[in-house]
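Dear colleague,

Please find the structure below, handed over for your study. I would be grateful if you would read the notes beneath it with the structure open.

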Amino acid sequence: MVRDLSVELCGVVLDNPVIPASGTFGFGKEMSEIYDINILGSISFKGTTRDARFGNPTPRIAECPSGLINSVGLQNPGVDAVIANELPALRKIFRKPIVANISGFSIEEYVECCQKLDKEEQVAILEVNISCPNVHNGGMAFGTSPESAAAVTKAVKAVTTKPVFIKLSPNVTDIVAIAKACEEAGADGITLINTMLGMRIDIARRKPVIANKMGGFSGAAIFPIAVRMVYQVAHAVKIPVIGCGGVSSAEDVIEMMMAGATAVQVGAENLRNPYACKEIIEELPFVMERLGIEKLTDIIGVIE
Amino acid sequence: MQRVVLTVTKNEALTPLIYEMHLAGDVSGVTRAGQFVEIALDGLYLRRPISVCNYEEGELTLVYKVVGKGTDLMSQMAEGTQLDVLTGLGNGFNIDHECKKPLLVGGGVGVPPLYRLTRDLIARGKEVTVVLGFNTEAEIFYAEKFEELGANVIIATADGSVGVKGFVTNAIAESGVETDYFYSCGPLPMLKALCQNLEIDGEVSLEERMGCGFGICMGCSIQTTKGAKRVCKEGPVFKKEEVIW
C-alpha cells in the first residue's frame, strides 16, 4: 500500500510533514551538497532580521545530556542580502515552497522583514520568531506576554497576504494564553517550541561555558516538553500547529502529530546527524505501516 | 563532507595525554592537510571535531589530546571499535601557495595537522623547517616523524628540558631560519605572537567550540577582516591578514 505522507498548512500542500527547523539548516546549501533536499516537506530558513547581525561572542555552544545549548544570537546577513543572495541560491537547489523565518527587535523591524519577504514567490509561509532567547531587548520578549505577541501578529498580518505562523517560546507560564492571543490577532498558525533557556558552568574554570552565560537548550531532551506544549496549544486553537523541539526520529514525528501537530520541524538532530531529515522521511512509511497508518493526516491530534 | 564508518586499528598513548589513533575505511572524503573530522561518540550529543594528522588510501591517523569527556572516551577505545565519522571537513592549508622555504610552527596538540602538511610540501620540493613547541620533554611527540619526512626540525620547550628554552617565537629568532611563508596551528597566544612577529605572510589554523562542524549552525563564527566566517567551513585555516586578534 502507498502511504500518504502529505499534509496541508493553510493551503500550502507539503509532500511530507518534515521541515528542518530554522537555524539548523542554513539556507540549504551545505545540506544540498550531501543529499537532494527536494525530498523535504519544506525548509524553514535561518532566522533573518532587518539588519545584518554577527550574533553573540563565542563560545556559543555547550554540550548537554541529550542536547545542546546554543547562543548564536541570530547571526544572519540581513533581509536584503537574504533576498539578493540566499533565496536565489536556494531556489536553484530547492523547488518547493519555503518557510521564511524572521525575527526583530521592534515591531517595525518585524513588519519591514515581512513586507520584503512577502514579495518572494517561493516564500509560502512567514514564520515570525518571537521566541529567540539569545538576544536582548527583543526576540523572546515579544513572545512572553499575550499582549505583545498579539501586537506583533497584528502588525505583520497587516502587511502580508501569506500565511503567518508565530513561533512561540516555551519559557512562559501559560503558552496556551499566548497562542490564543496570536490566533485572535489573526495568526494563521503556530510553531512551537523554540529552545528552553538554559545554562552550563565549567566547574574547573568557575565560568559559564557559553560566553553569553545563558542560551537556548534544544535536542532530544526537550522532546517531552515540546509534545506537551503542542498538545496543549493544538487543542486550544483552531489554527494549525507546526510541532518542533527534540524531534529525532520518524516515531517522534508521529508522536508530535498525534499530539496535534500538522507538520513537524527537526532541529538540533541535524547538527549531529546531517542526514537526519532524510532518514526520518525515508523511515516514515515503514513506521506508518507498522502502526497501521494509511494517511498521516488521519493521526493529527488523535490524542484527546 | 562524507559520512563513513571507520574501524579503529590502533589507539596508543604517545605521551600521558596525547594519543595516536589509526582508523581504517573509506577516507576519500579527506582531501587536504589541515582538514578535520567529526566523530560521533556514545553518550555524547554532539560530535567531536579532531584534526587530521595523516591520511592514506583507506587509512586515517588522528593524534589527539585528552581534554574532556569525548577525547577521554576515545582514549579508551579498543581495536576493532567502529566509529561514525564525518570526513573532509574544513578548508585545510593552501599547499600550493608560492614559496620555497616554508616555516611550519606547531604548539602542543596543534602539531598533528602539520604532519601531513610537511609531507605534501616536501613532495612539492619545498625546503621545510618545522618548529614544534611543548611545555616539557615528557610532552614531546612526533619530532622524529617530522625528521623522517625530511624536514629540518627545531624544538622549543617552555622549561628548556629539550631544545630552545622558551616559546616557538624564541626558537625561530634564535635559529635564524630563512623562510618566505609560514603555516601554523596551536594555542591562540602562540598564533597571535607569530602573526605579529613574523613579517612574512602565512596562514593559521584556528580552533573554536563547534556545534555541527559542517557550516549550518553558526556556532563557531568569528569576525575576520573579510567579515564573519565559520571556523568549521571557511576555516579552520585563515590567512594571517584575515585574523582579527
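The notes that follow concern the fold of one chain and then the nonpolar cores.

This is a predicted model, in which local features need pLDDT of at least 70 and side-chain atom pairs count only at pLDDT 80 or more, while totals for chains, interfaces and linings use all residues. Residues are numbered from 1 along each chain as its sequence is written, chains are lettered from A and ligands numbered from 1 in the order in which they are written, and side-chain values use heavy atoms, with hydrogens and water left out.

Chain B contains five helices and 16 strands (DSSP runs of H or I, at least four residues, and of E, at least two, numbered from the N terminus). Its radius of gyration, taken over C-alpha atoms, is 17 Å, close to the 18 Å that the globule rule (2.2 Å times the number of residues to the power 0.38) gives for 245 residues, so chain B is as compact as a globular protein of that length. Of these 245 residues, 58% are buried (under 20% relative accessible area, with a 1.4 Å probe and protein chains only).

In the largest nonpolar core (buried Ala, Val, Leu, Ile, Met, Phe, Trp, Tyr and Cys residues joined through side-chain atoms within 4.5 Å), there are 132 residues, and V128(A), L168(A), I190(A) and L192(A) touch the most other members. Helix α6 of chain A, residues 223-234, gives the most to this core, with seven residues. A second, separate core has 30 residues, including C53(B) and F146(B).

Yours faithfully

Definitions and conventions: Buried < 20%, exposed > 50% of the residue type's maximum accessible area, 1.4 Å probe, protein only.
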